[in-house]
Amino acid sequence: MTYLPKPKLHHPALPKNALGLTHRDYEGAISTLCAGCGHDSISAAIIQACFELDIEPHRIAKLSGIGCSSKTPTYFLGTAHGFNSVHGRMPSVLTGANLANRDLIYLGVSGDGDSASIGLGQFAHCIRRGVDMVYIVENNGVYGLTKGQFSATADKGSKSKKGVVNPDSPIDLVALALLLGATYVGRSFSGDKAQLVPLIKGALRHKGAAFLDVISPCVTFNNHKGSTKSFDFVREHNDAVNRLDIILPQKPITAEYEPGEVIEVPQHDGTILRLLKLEADYDPTDRVAAMDYLFEHRARGEIVTGLLYVEPHSTDLHDELGTVATPLNRLGEAELCPGAAALAKVNAAHR
Amino acid sequence: MTPPLRAVNDFVVKFANVNGSGSASANRLFAKAILRMGVPVATRNIFPSNIQGLPTWYEVRVSEAGWIGRRGGVDLAVAMNPQTFEKDQAELEPGGYLFYDSTRPLPDSRFRRDITRLGLPLTTLCNERWADPRQRQLLKNIVYVGALARLLGIEMAELERLVGEQFKGKEKLIGPNVEALHLGFEAAGRELAGACGLQVRRADAVGDRIFLEGNAAAALGCVYGGATVCAWYPITPSTGLAEAFMRWCGRFRIEPETGKKRFAIVQAEDELAAIGIVIGAAWNGARAFTATSGPGISLMQEFLGLAYFAEIPAVVFDVQRGGPSTGMPTRTQQSDILACAYASHGDTKHVLLFPEDPAECFAMAADAFDLADRLQTPVFVMMDLDIGMNEWLCRPLAWDDSRRYDRGKVMTFADLESGREFGRYLDVDGDGIPYRTYPGTHPTRGAFFTRGTSHDRYARYTEEGPAYVDNVQRLLKKFETAKKLVPAPELLPAAEPTRFGLLAFGSSMPAVREALAELADRGVHLDTLRIRAFPFARAVEEFVAAHERVFVVEQNRDGQLRQLLVNECGIDPARLWPVLHYDGTPITARFVTRAVLDRLSDAKIVPFRKAVS
């Protein structure tokens with residue numbers, strides 16, 4: 001229950017990160033989602049990613065739309081501001097928030113109904129603007145909160161719990177994100193924490209539009225035989241192209257790899273994304289090749305996961321707009337108001 | 001035989017052109033020259049939703065008395081568009097003048113008998129002088145301005161000076177334009193000397209007033225008011241506001257050391273995204289606005305309810321046009337009053353401001369940001385096409401350098417650190433306005449979850465009836481507080497005691513002010529209250545209570561402000577007489593005068609003198 005606070009007490013020997021915070025300091029209220037919901041695993045992955053990256057929780061702003069997935073920001077980072085906005089409109093609210101203060105980290109959490117149906121337009125436009133954010137879609141192919149209608153990411157031919165076969169083609173948000181210029185694109189599975197946590201960490205360190213499509217089975221309405229978003233189906237058809245390791249600046253590189261086994265992609269802040277190749281030919285810095293690979297494997301019924309694309313020298317909306325380094329919400333009269341003398345000149349020019 | 005009109009510094013000229021032909025700058029040159037002679041003018045563009053080829057008009061009212069509303073009627077038609085020749089001629093007052101291109105002779109039957117023809121072979125003059133067809137077309141406009149200068153007595157020196165200012169930096173263009181002015185001036189001297197009884201005479205009636213569009217003024221008000229985020233979607237007639245903001249920011253908001261921008265403007269994918277961006281930015285502590293028109297307001301409804309209920313500041317400029325639907329996109333109306341006052345689903349009420357001229361667009365734009373921050377709610381600045389897209393003569397813009405932005409009740413790091421209690425929706429001060437925090441303020445205190453779902457005083461989700469009622473009752477209390485914070489109405493008392501009152505607002509005011517003077521001349525006195533904001537101040541209710549009958553003048557079909565008055569103040573509708581003008585053209589003084597006189601006559605109220613014919 002969101003209105004029931006979690007007890008603050010915890011074991012004194014819980015590990016602490018560089019900020020002296022424990023895992024518990026990154027948690028939120030108790031989840032009200034169904035027991036076993038994939039979304040709760042994603043929340044746990046977000047908590048772990050932020051803890052491991054030593055991010056101060058209050059320096060993150062959590063934004064979401066409407067739906068089961070959009071409820072989850074209540075369940076992590078309790079000391080961060082959150083905004084549960086309007087159905088399908090999280091991207092615009094996040095864009096505005098980002099414009100106001102470029103110093104915070106923006107985490108947008110959405111679902112497949114929220115992003116692929118009612119909010120497809122806003123999803124597309126915030127990606128193409130390169131808003132600096134982590135945009136996670138918790139994708140279960142179904143409308144959970146209204147009890148089991150197909151969403152726009154449900155595969156054609158997949159069967160609903162009531163036995164209805166979906167007649168419509170699915171929207172592939174990863175393919176769209178690649179097409180629209182996202183500079184960090186990944187897909188993962190809520191049941192694969194080892195893959196998911198590094199992908200979220202990489203996204204948090206990335207500058208620009210980072211998009212993660214996380215398949216997250218709905219245990220109540222979409223985890224049956226005939227569904228292509230069930231735990232079993234995703235496990236059987238998962239084709240991971242790489243494993244990501246995040247190497248923070250000034251951290252010694254420990255593991256050794258044979259040449260050609262890994263790809264390293266440096267980020268603007270010095271972070272290195274080290275990718276252990278699982279598919280020998282997969283190059284995650286080649287957008288067109290990534291799209292080809294994605295389409296080929298989708299045609300074979302495989303779900304391609306991993307860090308599918310990353311642009312080493314990415315930029316964001318603030319770079320494009322040329323805004324000042326100081327967050328706009330910190331500017332005052334001295335910087336913003338031209339004053340009476342300037343106004344007298346304006347008046348004189350209009351006579 | 002109707003005698004030709006004779007007037008000095010008091011007449012109406014209407015230019016009829018084809019859009020895209022370059023006439024706009026020539027017509028503006030004409031108006032500005034009169035202004036420079038110290039004679040007030042009021043100009044209005046009447047244009048189609050089209051880029052090239054359709055009829056467009058530009059009306060210039062010359063009024064030494066300073067009336068800047070539309071008068072109604074035309075004294076001199078400058079008929080440059082063959083498509084509308086008949087219509088333009090038909091609009092002329094008896095005794096009026098028709099200026100036209102006489103290159104192709106027209107039979108007598110094409111002309112009214114009660115007007116004076118002022119024909120000049122403009123096409124021939126241009127074709128003889130210039131070889132390039134585009135130049136012939138553009139300069140023909142300047143040639144007729146030169147001719148009109150001769151006919152009306154406009155000083156050539158002022159015209160030449162204005163041409164110099166207009167083409168500063170493009171000196172090559174000055175020569176041909178000045179030449180064109182003289183070509184027209186001399187031709188009119190040869191062929192039409194003394195033919196026009198309408199004259200402009202140098203006066204000293206303009207003073208320090210400025211000539212400015214409402215959209216540009218409002219955009220500058222946003223700069224002065226500290227707006228840093230603008231998100232918008234192109235829609236007539238509001239587009240100019242966002243574009244003007246870009247221009248003003250380019251001039252006033254560049255960080256000198258780096259050349260970087262102290263603002264962010266996003267042309268959004270639609271109006272939903274535009275208001276979403278505004279809400280996100282304001283939630284995060286920046287001053288943000290959008291500019292739109294009626295259809296955009298319709299699209300923003302869901303978000304406006306969120307901003308109302310979650311209590312997020314937002315400034316929305318609604319430059320109103322003719323509705324419903326696409327309606328008359330290039331014509332004016334005041335027909336979004338109810339759509340804005342009660343925008344969104346559920347129980348909502350919003351703050352509206354009603355500027356009467358560009359100077360007040362500037363002032364109210366800046367005020368809107370203080371009000372939105374103070375009240376933590378959307379604030380609408382209700383402009384319209386007439387005020388937004390036309391240059392109006394108005395008092396100079398003013399700013400007090402000692403003014404500080406009122407950012408409202410925001411708890412800082414120090415406030416939180418001191419241990420002061422924070423409840424996002426807790427009414428600490430008894431005015432219905434809670435405290436807020438910006439994201440990222442404090443590591444452990446002051447965070448909350450913003451949501452459109454029902455919440456308690458500590459921003460926690462709840463569907464408990466009492467907590468919901470507690471919250472929405474507080475929102476009502478906040479709206480009561482707003483009554484004391486919004487701009488107060490302006491009383492224009494009648495010269496003599498009267499039982500009758502009149503309420504008006506926004507761009508209707510110039511016509512209303514003139515009508516009041518006309519009515520007073522006829523012995524009809526009306527106390528007038530200019531409404532400047534919603535929620536209505538107590539003074540509005542008192543004004544209605546103090547008068548037997550009150551006219552409510554507005555530019556829409558359904559009397560929307562009147563409905564709002566009845567609804568919000570519990571006024572007997574029979575006491576409010578609607579005066580409604582909604583054909584898409586700006587309301588005129590003649591219309592208001594006639595409507596008031598007719599109504600009094602119908603109600604058999606005496607004494608008054610005969611209504612205008």
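**Helix packing, a shared sheet and the contact between chains A and B**

In this predicted model, helices α1(A) and α7(A) cross in a right-handed manner. The helices span residues 38-52 and 193-205 of chain A, respectively. Their axes lie 9 Å apart and meet at an angle of about 55°. α1(A) is therefore oblique to α7(A). On the α1(A) side, the contact is built from A:Ser41, A:Ala45, A:Ile46, A:Gln48, A:Ala49 and A:Glu52. α7(A) contributes A:Lys193, A:Leu196, A:Val197, A:Ile200, A:Lys201 and A:Leu204. By class, the residues of this contact comprise 7 nonpolar, 2 polar and 3 charged.

A second helix pair was examined in chain B. Here α1(B), residues 23-36, packs with α4(B), residues 133-152. The angle is about 20°, and the axes are 9 Å apart. Since an angle under 35 degrees counts as roughly parallel, α1(B) and α4(B) are roughly parallel to each other. This crossing, too, is right-handed. α1(B) supplies B:Ser23, B:Ala26, B:Leu29 and B:Phe30. From α4(B) come B:Asn141, B:Ile142, B:Val145 and B:Leu148. The contact of α1(B) with α4(B) holds 6 nonpolar and 2 polar residues, and no charged ones.

The two chains share a sheet. It is open, has 9 strands and shows mixed pairing. The strand order is β9(A)-β13(A)-β7(A)-β8(A)-β4(A)-β3(A)-β1(A)-β2(A)-β17(B). One edge is β9(A), residues 238-240, and the other is β17(B), residues 449-451; each pairs on one side only. From one strand to the next, the twist averages 20°. Within chain A, β4(A) (residues 133-139) and β8(A) (residues 209-215) run parallel and are joined by 7 bridges. Across this pair, A:Glu138 stands opposite A:Val214 of β8(A). Helix α7(A) packs on the sheet. It touches β3(A), β4(A), β7(A), β8(A), β9(A) and β13(A). The direction of α7(A) makes about 160° with that of β7(A).

At the chain boundary, β2(A) pairs with β17(B). The sense is parallel, and the pairing extends over 3 bridges. A:Gly82 has B:Phe449 in β17(B) as its bridge partner.

The contact between the chains involves 49 residues of chain A and 58 residues of chain B. On the chain A side, the elements giving two or more residues are β2 (81-84), α3 (90-100), α5 (120-128), α11 (333-336) and α12 (339-349). α3(A) gives the most, with 8 residues. The side of chain A that touches chain B has 22 nonpolar, 21 polar and 6 charged residues.

Chain B is assigned four domains: domain 1 (7-199), domain 2 (212-394), domain 3 (413-485) and domain 4 (490-602). The C-alpha centres of domains 2 and 3 of chain B are 25 Å apart. Contact between these two domains involves 13 residues of domain 2 and 12 residues of domain 3. On the domain 2 side, α11 (301-310) and α13 (358-375) of chain B are the elements that give two or more residues. That side divides into 7 nonpolar, 3 polar and 3 charged residues.

Notes. Residues are numbered from 1 along each chain as its sequence is written. Chains are lettered from A and ligands numbered from 1 in the order in which they are written. This is a predicted model: local features need pLDDT of at least 70, side-chain atom pairs count only at pLDDT 80 or more; totals for chains, interfaces and linings use all residues. Axes are lines fitted to C-alpha atoms, for helices over the stretch in contact, and angles run from 0 to 180 degrees between N-to-C directions. Helices (H or I, at least four residues) and strands (E, at least two) are DSSP runs, numbered from the N terminus. Angles under 35 degrees count as roughly parallel, over 145 as roughly antiparallel, 65 to 115 as roughly perpendicular and the rest as oblique. A crossing is left-handed if the near helix is turned anticlockwise from the far one by less than a right angle, and right-handed if clockwise. Two residues are in contact if their C-beta atoms, placed from the backbone, lie within 7 Å. Ala, Val, Leu, Ile, Met, Phe, Trp, Tyr, Cys and Pro count as nonpolar, Asp, Glu, Lys and Arg as charged, and the others, Gly among them, as polar. Domain bounds come from an automatic or database domain assignment. Two strands pair if DSSP finds at least two bridges between them.
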